[in-house]
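Me: I am new to this structure and would like a close look at a single part of it, namely the aromatic rings and what lies around them. Please take me through that part step by step.

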Amino acid sequence: MHQELTLYLHKNIKITAQDLEKVLSCFQSVSVRKNEILLEEGKVSQYNYFVKKGCLRIFYINNEGKDRTRYIAFENQFVTALVSFITKEPAQETIQAVEDSELLAISHDDFRKLMVSVPAWKDFYNLYLEKAYVNNSKRMLSFSTLDATERYSQLFQVNPDIVKRLPNKIVASYINISQETLSRIKSKI
């Protein structure tokens with residue numbers, strides 16, 4: 001039932017069969033439709049999602065009222081409004097399904113209980129936090145050191161699924177450029 005998650009965990013951490021069973025028992029299957037909102041800005045993030053199939057994005061509305069995508073999760077990736085999930089404060093961002101998606105959800109309470117009862121879950125959490133930090137740092141650096149064309153080229157090299165699977169509006173929002181600029185870049189490449 002949770003084959004994708006099992007493979008993901010075995011690939012990333014050492015976990016016993018008994019502990020794996022505990023972890024898997026904490027996840028519920030969730031199906032969402034394209035454009036469905038899983039977390040609204042201003043609500044506390046209660047769940048962390050593992051994407052079995054489909055795509056989710058985290059976005060916020062900037063000071064100019066423009067939609068900016070902060071994170072995109074495809075198959076075999078976890079996604080939550082991490083700051084809200086950790087602090088239990090209202091999220092400053094929204095989680096939305098970009099495609100019809102099949103997810104596995106774990107509640108904040110179950111996530112925390114696993115931290116106490118399953119030592120390997122702490123290893124997973126450390127890895128998760130490290131990946132989130134590295135991803136955010138690289139994106140922030142690209143915004144200040146690369147021009148629009150370079151950001152698009154880097155995105156295409158590092159994560160071509162974003163360019164291939166998602167609408168230009170989301171791609172442009174992810175690399176912090178206008179749709180018009182993205183169209184000009186794509187016409188030249």
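Reply: A good place to begin in this predicted model is Arg139, whose charged end sits over the ring of Tyr174, 3.9 Å from its centre. A related arrangement involves Arg57, which lies over the face of Phe59 at 4.0 Å from the ring centre.

Turning from charges over rings to rings beside rings, a search of the whole structure finds 15 aromatic pairs. One of them joins Phe78 and Tyr128, whose ring centres are 6.0 Å apart and whose planes stand at 85°, an angle over the 60 degrees required, so the pair counts as edge-to-face. This pair links distant parts of the chain, since Phe78 belongs to strand E6 (residues 78-79) and Tyr128 to helix H5 (residues 119-145), 50 residues apart. Phe78 is buried, with a relative accessible area of 4%, and Tyr128 is buried as well, with a value of 11%.

Phe111 and Tyr125 form another edge-to-face pair, at 5.3 Å centre to centre and with 75° between the planes. Because Phe111 lies in helix H4 (residues 108-117) and Tyr125 in helix H5, the pair ties together parts that are 14 residues apart in sequence. Both Phe111 and Tyr125 are buried.

The two pairs can then be placed in a wider setting, for Phe78, Tyr128, Phe111 and Tyr125 are among the members of one aromatic cluster, which also includes Tyr8, Phe27, Phe50, Phe85, Trp121 and Phe124.

Key: Residues numbered from 1 in each chain as written. Predicted model: local features only at pLDDT ≥ 70, side-chain atom pairs only at ≥ 80, totals over all residues. Heavy atoms only, no water. Phe/Tyr/Trp six-rings, centres within 6.5 Å; stacked < 30°, edge-to-face > 60°. Helix = DSSP H or I, 4+ residues; strand = E, 2+ residues; numbered from the N terminus. Buried < 20%, exposed > 50% of the residue type's maximum accessible area, 1.4 Å probe, protein only. Lys NZ or Arg CZ within 6 Å of the ring centre and 35° of its normal.
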